[in-house]
Amino acid sequence: MATSTQPVTPQLWLRQQCRWHPLEIVFWLSTLLPFFLFPNYLSLASQIAITAMFALSLDLILGYAGVVSLGHAAFFGIGAYGAGLFSIHVWGEPFTGLLFGGLIAGIAGYITSFIVARFRHLTLIMITLGIGLMAHEIANKAHSLTGGSDGLQGVKIQPLFGVFKFDLYGYVAYSYSLAALFIAFLAVRRIVNSPFGLALRGIRENWTRMPAIGADRPAHIRKAYTIAAVLAGFAGAILTQTTQSAALESISFGRSADVLVMLVLGGAGRLYGGLIGATIFMVARDQFSGIAPQYWYFWIGVLLIVVVMFMPNGILGGLSYIYARWRRK
Amino acid sequence: MTAALTTAGLNKKFGSLVVANNINITLPQGVRYALIGPNGAGKTTLINLMTGMLAPDQGEITLGGETITTLPPQQRVQRGLARTFQINTLFPGLNALEAVTLAINEREKVSGQFWKNVGGYSAIIDEAHAILKRLRLGDACYQQTREMPYGRQRLLEIALALATRPKVLLLDEPAAGVPQEESGEVFEAVAGLSSDLTLLFIEHDMHVVFRFASHIIVLVGGAIFAEGPPSEISQHPGVREVYLGKRKHG
């Protein structure tokens, strides 16, 4: 063991864990590239940013606390419909609509968290799946409120700050969703580097030890689940606002499964895992569905199997492993 | 003076198997008691009952005079009853510093705090580091738990329990699986704990038991078979037969 390492205090060591890496700055600068390089793809870029935010919210519970969910789209969809209904029945101002979408998703998350916090493994997967299915069918059945399978009609969103109108090319949409993603990212980054974030990792690393060190594990899970629901609700609300519509797809099982796949592809338990996974997934869908629209999930299936077989910690986990080996040489 | 921990008439059955049969134990404050008995005698079960990981069918448990029989495990820990595990029950992906910091955060009720940096709680981290240094884990505290040598992981088990600042500490075979020449190190660490701390430890090595325990409880088939100071237990004919004798011939 190295004995001559530089004198580092434990406080400094812990603070160093959350220092900004130069690659992160490169990453966030590159999110601005679509404005210049792919101005025709800003709508896609906006969808990616929204999906990345959704994946980031799942990462908080699954990646950090180890709480698996197969029904996370329930909160995305509640946020999506909430923001849409808010614009129809209250007013079309986007920021209040966004807050409303996050708020009701958070309330739904808080209520369901009391069940979720008590279980794990297959039971938990089935419970979250059940919650997701129920949310989907409620949205489907409540035709008069949600428009059912026709989608929510009549969403009208006012310009951002009363100035920037949501345009056809997606300039405003991408600016809005990217800014929201960045703020959400900063928030999640703070959370995972806090004492609460450490407690979540403790739950992931050893479920049974937590009560034995005096931790109220269910309370931690309830809190994380509620925060994740709020974030998912924000993402859903932004999708409604930028597309001026809300569809059943936003609350479907497919969306829950997709976001799980994205997070696993990118690397769960890493801040950038969901972001990278969502980007790869959405770009792949865009490209593959251009070739064979019905069969593009085939290639996602191939990618998923290859990644989990050879990179159990996702693409980012695999890359950081290679990077660490390369540095040691 | 109030006893640190008592159990009264504790009973527990798994189906028809009696794992705890009318267990009455009193741990006065500051004592070091050993809990011995053959495999399957119900030693770990008794610790699980005391710490709330199992619910007794009948009986009462008190901690410092307060009845804790129905309290969930974390509330017993918060009141000063900590345990270690026979099989390492650690946080493989956290390093020792993070793990002990986590335990102190829980004790100090800051682990719900989600906006400040964990490195900002300087006093807590100093304490975590001090606990680790006391158990000679100071230089290994940045190493991921899963990469630590096994013997050090056993010490981290104790460090995590100490971080809860217990009044009563239950050690379930603290040196289990550690080679005999190194197990002394684990028990030196145990012996060096504050004398205010009330200790109950499960151990199979009789040399260790006779060296460190002031009092021995012998458990056989879920019931207390004998109890007394080491000098008495070592001469107890029944104990020699069911437990000590077997080991001598074995």
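**Exercise 1. Strand S3 of chain B**

Task: In this predicted model, decide whether strand S3 (residues 32-36) of chain B is largely enclosed or not, and find its bridge partners.

Solution:
- Start with burial. Four of the five residues of S3(B) are buried, so the rest of the structure largely encloses this strand.
- Next, take strand S8 (residues 198-202) of chain B. S3(B) and S8(B) run parallel and are joined by four bridges. One pair to locate is B:Leu35 with B:Ile202 in S8(B).
- Then take S9(B). Four bridges link S3(B) to S9(B), again in parallel. Here B:Tyr33 has B:His215 as its bridge partner.

**Exercise 2. From S9 to S10 in chain B**

Task: Follow strand S9 (residues 215-220) of chain B into strand S10 (residues 223-228), and state which way the two run.

Solution:
- Count the bridges. Five of them join S9(B) to S10(B), and the strands run antiparallel.
- Check one pair. B:Val218 has B:Ala226 in S10(B) as its bridge partner.
- Look at the connection. The two strands form a hairpin with two residues between them. In the turn, B:Gly221 has a positive phi of about 55°.

**Exercise 3. An open sheet in chain B**

Task: Give the strand order of the four-stranded open sheet of chain B, then say which strands stand at its edges.

Solution:
- The order is S2-S1-S4-S5, with antiparallel pairing.
- Strand S2 (17-27) and strand S5 (66-67) are the edges. Each has a single partner strand, so one side of each is left without a neighbour in the sheet.
- Now go inside the sheet. Strand S1 (residues 5-14) and strand S4 (residues 58-63) of chain B pair over five bridges, in the antiparallel sense. B:Leu5 stands opposite B:Leu63 in S4(B).

**Exercise 4. The fold of chain A**

Task: Describe the helix and strand content of chain A, then judge its compactness from the radius of gyration.

Solution:
- Chain A has 16 helices and zero strands.
- Its radius of gyration is 20 Å, close to the 20 Å from the globule rule for 329 residues, so chain A is as compact as a globular protein of that length.
- Add the dimensions. The C-alpha trace spans about 70 × 45 × 40 Å along its principal axes.
- Add burial: 50% of the 329 residues count as buried.
- Finish with contacts. Among those between residues at least 6 apart in sequence, 78% join residues at least 24 apart.

**Exercise 5. Helix H9 of chain A and the core**

Task: Test the span of helix H9 (residues 171-192) of chain A against the expected value, then find what covers its buried residues.

Solution:
- At 1.5 Å a residue, the 22 residues should span 32 Å. The end C-alpha atoms are 31 Å apart, which agrees.
- List buried positions. They include A:Tyr174, A:Ser177, A:Leu178, A:Ala180, A:Leu181, A:Ala184 and A:Val188.
- Recall helix geometry. An α-helix has 3.6 residues a turn, so residues three or four places apart point the same way.
- Find the cover. It includes helix H3 (33-37), helix H4 (42-64), helix H10 (195-205) and helix H12 (217-243) of chain A.
- Move to the core. The largest nonpolar core has 172 residues, and A:Met53, B:Val100 and B:Ala159 have the most contacts inside it. H4(A) gives the largest share, 15 residues.
- Zoom in on A:Met53. Leaving out residues up to four places away in sequence, A:Met53 touches A:Ala180, A:Leu181, A:Ala184, A:Leu231, A:Phe234 and A:Ala235.

**Exercise 6. Where the chains meet**

Task: Characterise the side of chain B that touches chain A by helix and by residue class.

Solution:
- Begin with the totals: 40 residues of chain B contact 28 residues of chain A.
- Assign helices. H2 (73-78), H3 (96-107), H4 (122-134) and H5 (150-163) of chain B each supply at least two residues. H3(B) supplies the largest share, eight residues.
- Sort by class: 21 nonpolar, 14 polar and five charged residues.

**Exercise 7. Three loop residues**

Task: Classify A:Arg19, A:Gln244 and B:Glu173 as buried, partly exposed or exposed.

Solution:
- A:Arg19 sits in the loop between helix H1 (10-16) and helix H2 (22-30) of chain A. It has 8 other C-beta atoms within 10 Å and is exposed.
- A:Gln244 lies between H12 and helix H13 (253-266) of chain A, in a loop. Its count within 10 Å is 17 other C-beta atoms, which makes it partly exposed. Its phi is positive, about 55°, although it is not a glycine.
- B:Glu173 lies in the loop between strand S7 (168-172) and helix H6 (180-191) of chain B. With 22 other C-beta atoms within 10 Å, B:Glu173 is buried. Its phi is near 45°, a positive value in a residue other than glycine.

Note on methods. Residues numbered from 1 in each chain as written. Chains lettered and ligands numbered in written order. Predicted model: local features only at pLDDT ≥ 70, side-chain atom pairs only at ≥ 80, totals over all residues. Rg over C-alpha atoms; globule rule 2.2 N^0.38 Å. Buried ≥ 20, exposed ≤ 12 C-beta atoms within 10 Å, placed from the backbone. Contact = placed C-beta atoms within 7 Å. Expected span 1.5 Å × (residues − 1). Core = buried A, V, L, I, M, F, W, Y, C linked by C-beta atoms within 7 Å. Pairing = 2+ DSSP bridges. Nonpolar A, V, L, I, M, F, W, Y, C, P; charged D, E, K, R; others polar.
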